[in-house]
Amino acid sequence: MSRVLVPCHVKSTVALQVGDMRTSQGRPGVLVVDVTFPNVAPFELQEIMFKNYYTAFLSIRVRQQTPLHTPSKWVTCLRDYCLMPDPHSEEGAQEYVSLFKHQMLCDMTRVLELRLILRQPSPLWLSFTVEELQIYQQGPKSPSLTFPKWLSHPVSNEQPVPRLEGLPDPSRVSSEVQQMWALTEMIRASHSSTRIGRFDVDGCYDLNLLSYT
């Protein structure tokens, strides 16, 4: 299925502090990233792509267009998606990730805004985020191509090929050609390779035969 890149604006990251920042134990363990789509009509989200940078878990919330006079609400469409199997090791820390709409917990139509909630519980990494964020929507459907009936329904080898109007039967033509060839061979075999004259006897003419003619 085709997809189209949606122009988006990624706002500055907002850190939610964990612990007392006046001590060495305090550090940001949760980051919030809002993604807006200025000058873009509400769309159906098809895919989210990004490069991870030491984020262990990802949650996504979506704000969708609602009917008139109804305030839009934030809905969680992805909850604690694991990006690093072990937050304390390097596995998955800098992998490219693709998330599709069928992985979401809610319908992804009429999207107005996204909110990414990043979580890293390990104190080993000084910073974490997501990079190269790309949002795709479903592209226009390809026009259906029409093919001739003879191309879309090929003739089976077991079925006879339909004979065109005005042309002789191929089997009959083949039979007649074979008969003509056999007749030609018979005529050729019946002729002697040495021509015998009417009055020629051993290379000489017989006078008696000549006198009776």
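Is Asp80 buried or partly exposed? With a relative accessibility of 40%, Asp80 counts as partly exposed, because that value falls between the 20% and 50% limits. Keep that residue in mind; we'll come back to its partner after a look at the whole chain.

What you have here is a predicted model, so let's start with how confident the predictor is. The mean pLDDT over the chain is 81, and 70% of the residues score at least 70. Confidence varies from element to element: strand S8 has the highest mean, at 97, while strand S11 (residues 200-201) has the lowest, at 53.

Now the overall layout. The chain contains 12 strands and 3 helices. Of its 213 residues, 27% are buried. Take the contacts between residues with a separation of 6 or more: 74% of them join residues 24 or more positions apart. On the outside, the accessible surface comes to about 15,900 Å², and carbon and sulfur atoms account for 56% of it.

Next, the inside. In soluble globular proteins, nonpolar side chains tend to be buried together. In this model, the largest nonpolar core has 34 residues, and Ile48, Leu114 and Leu116 are the ones with the most contacts inside it. Strands S4, S5, S6 (57-64), S7, S8 (96-100), S9 and S10 (129-138) each give two or more residues to this core. Ile48 is a good place to zoom in. Leaving aside residues up to four places away in sequence, Ile48 touches Ile60, Val97, Ser98, Leu99, Met104, Leu114, Leu133, Gln134 and Ile135.

On to the charged pairs. The model has 5 salt bridges, and three of them are worth a visit. One of these pairs is Arg3 with Glu47, whose closest N and O atoms are 2.5 Å apart. Arg3 sits in strand S1 (residues 3-6) and Glu47 in strand S5 (residues 45-53), so this bridge ties together parts that are 44 residues apart in sequence. The two partners see the outside quite differently: Arg3 is partly exposed at 39% relative accessible area, whereas Glu47, at 6%, is buried.

Asp34 and Arg115 also meet through their side chains, with an N to O distance of 2.7 Å. Here strand S4 (residues 27-36) supplies Asp34 and strand S9 (residues 111-119) supplies Arg115, which puts the partners 81 residues apart. Asp34 counts as buried because its relative accessibility is 15%, under the 20% limit. Arg115, at 23%, is partly exposed.

That brings us back to Asp80. What does its side chain meet in a salt bridge? The partner is Arg119, at 3.5 Å from N to O. Asp80 lies in strand S7 (residues 74-82) and Arg119 in strand S9, 39 residues apart, so this pair too links distant parts of the chain. Arg119 has a relative accessible area of 32%, which makes it partly exposed, just as Asp80 is at 40%.

Finally, have a look at the surface around helix H2. Leu183, Met186 and Ile187 make a nonpolar patch of about 320 Å². Ile187 belongs to helix H2, which covers residues 170-190. With a relative accessibility of 45%, Ile187 counts as partly exposed, and that value is over the 30% a residue needs to be part of a patch.

How values were computed:
Residues are numbered from 1 along each chain as its sequence is written. This is a predicted model: local features need pLDDT of at least 70, side-chain atom pairs count only at pLDDT 80 or more; totals for chains, interfaces and linings use all residues. Side-chain values use heavy atoms; hydrogens and water are left out. Patches are made of residues with over 30% relative accessible area and no salt bridge: like charges are joined within 9 Å, nonpolar side chains (Val, Leu, Ile, Met, Phe, Trp, Tyr) within 5 Å. Accessible areas come from the Shrake-Rupley method with a 1.4 Å probe; for residues, only the protein chains shown count as cover. A salt bridge is a side-chain nitrogen of Lys or Arg within 4 Å of a carboxyl oxygen of Asp or Glu. Helices (H or I, at least four residues) and strands (E, at least two) are DSSP runs, numbered from the N terminus. Buried means under 20% relative accessible area, exposed over 50%, partly exposed in between (1.4 Å probe, protein chains only). A nonpolar core is a set of buried Ala, Val, Leu, Ile, Met, Phe, Trp, Tyr and Cys residues joined through side-chain atoms within 4.5 Å. Contact means heavy atoms within 4.5 Å. pLDDT is the predictor's confidence in each residue, from 0 to 100.
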